[in-house]
Amino acid sequence: MIRLRVNGRDRELDVDPAMPLLWAIREQLAMPGTKFGCGIAQCGACTVHLNGNAIRSCVTPVAAAEGGEVTTIEGLADLVEGEGLHPLQQAWIDEQVPQCGYCQSGQLMSAAALLATNPDPDDAAIDAAMAGNVCRCGMYSRIRSAIKVAARASAVQFFDPATSEVEEASHG
Ligand code: FES
Ligand code: FES
């Protein structure tokens, strides 16, 4: 039995420990937002968070997530305070990032992991963090713009009137 926490909920999975986490998420937990693209850690479509880090779930055995905290696209909005979308999801809509959409949950999860550790990334930091996420529709410039929009929105969100400063807050 594999025990892990997925999107804030404790789960037990009676599966082969070698099963890719991606299949556990999609088939066992019935959460289809995380996509299968290449299966060999080359496209990023399957990106989820394990303990806050962006990982490729297609090459991660479910046993490697034992006792860990997994976040999928279905739980992304819950990483921030309040109701509604994660600032990245809103920026994705505002900047009209998705085209076919297939890569987008992976893109969003990589971007969220980036902003959690670097709330104000420059182009180089964005490119480095997003290098493993392929978009066959070529939406890279919009992805970069949307990450910057979300970073600004998050800075406003974390503005602390008591100090009149924008906190260097994480999004966790
Ligand atoms: S499906 Fe995992 S990186 Fe492509
Ligand atoms: S939006 Fe089509 S692959 Fe990225």
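From the N terminus on, the chain runs β-β-α-β-β-β-α-α-α-α-β-β. That comes to five helices and seven strands. Please keep in mind as we go that this is a predicted model.

How compact is the chain for its length? The radius of gyration is 16 Å, and the globule rule gives 16 Å for 172 residues, so the chain is as compact as a globular protein of that length. If you want a box in your head, the C-alpha trace spans about 50 × 40 × 25 Å along its principal axes. Of the 172 residues, 40% count as buried. And for those of you who like contact maps: take the contacts with a separation of 6 or more, and 61% of them join residues 24 or more positions apart.

Now to the sheet. Five strands form an open sheet, in the order β2-β1-β5-β3-β4, and the pairing is mixed. Which strands stand at the edges? Those are β2 and β4, each with a single partner strand, so one side of each is left without a neighbour in the sheet. From one strand to the next, the twist averages 40°.

As a quick reminder, strands of a sheet pair through backbone hydrogen bonds, either parallel or antiparallel. Let's walk across some of the pairs. At one end, β1 and β2 are antiparallel, with five bridges between them. One of the residue pairs there is valine 6 with arginine 9, the latter sitting in β2. The loop between these two strands, β1 at 2–6 and β2 at 9–13, holds asparagine 7, and I'll come back to that residue in a moment.

Further along the sheet we reach β3, residues 47–50, which is antiparallel to β4, residues 53–56, with four bridges joining them. Threonine 47 has arginine 56 in β4 as its bridge partner. The two strands make a hairpin with two residues between them, and in that turn asparagine 51 has a positive phi of about 55°. On the other flank, β3 pairs with β5, residues 69–71, again in the antiparallel sense, this time over two bridges. There, histidine 49 is opposite threonine 71 of β5.

What about the helices? In α1, residues 21–28, the buried residues are Leu21, Leu22, Ala24 and Ile25. The buried residues of this helix pack against β2 and β3. Just after α1 comes alanine 30, with a positive phi near 55°. Then there is α3, which packs on the sheet and touches β3 and β4. The direction of α3 makes about 35° with that of β3.

That brings me to the backbone angles, which I suspect this audience will want to look at. Most residues other than glycine have a negative phi, and most peptide bonds are trans. So far we have met asparagine 51 and alanine 30 with positive values. Here are two others. Asparagine 7, the loop residue from before, has a phi near 50°, a positive value in a residue that is not glycine. Glutamine 96 is not a glycine either, and its phi is positive at about 50°. Glutamine 96 is in the loop between α2, residues 87–94, and α3, residues 104–117.

Are these two loop residues buried or exposed? Asparagine 7 has 21 other C-beta atoms within 10 Å, and it counts as buried because the cut-off is 20 or more. Glutamine 96 has 11 C-beta neighbours inside 10 Å, and it counts as exposed because the limit for that is 12 or fewer.

Last topic: the domains. The domain assignment gives domain 1 as 2–76 and domain 2 as 81–157. Taken over C-alpha atoms, their centres are 20 Å apart. How many residues are in contact across the two? There are 15 from domain 1 and 15 from domain 2. On the domain 1 side, the elements giving two or more residues are β3 and β4. The largest share there comes from β3, with three residues. By class, that side of domain 1 has seven nonpolar, seven polar and one charged residues.

So if you open the model after this, β3 is a nice place to begin. You can see β3 paired with β4 and with β5, touched by α3, and giving three residues to the side of domain 1 that touches domain 2. Thanks, everyone, and I'm happy to take questions.

Note on methods. Residues are numbered from 1 along each chain as its sequence is written. Chains are lettered from A and ligands numbered from 1 in the order in which they are written. This is a predicted model: local features need pLDDT of at least 70, side-chain atom pairs count only at pLDDT 80 or more; totals for chains, interfaces and linings use all residues. The radius of gyration is taken over C-alpha atoms; the globule rule is 2.2 Å times the number of residues to the power 0.38. Two residues are in contact if their C-beta atoms, placed from the backbone, lie within 7 Å. Two strands pair if DSSP finds at least two bridges between them. Domain bounds come from an automatic or database domain assignment. Ala, Val, Leu, Ile, Met, Phe, Trp, Tyr, Cys and Pro count as nonpolar, Asp, Glu, Lys and Arg as charged, and the others, Gly among them, as polar. Axes are lines fitted to C-alpha atoms, for helices over the stretch in contact, and angles run from 0 to 180 degrees between N-to-C directions.
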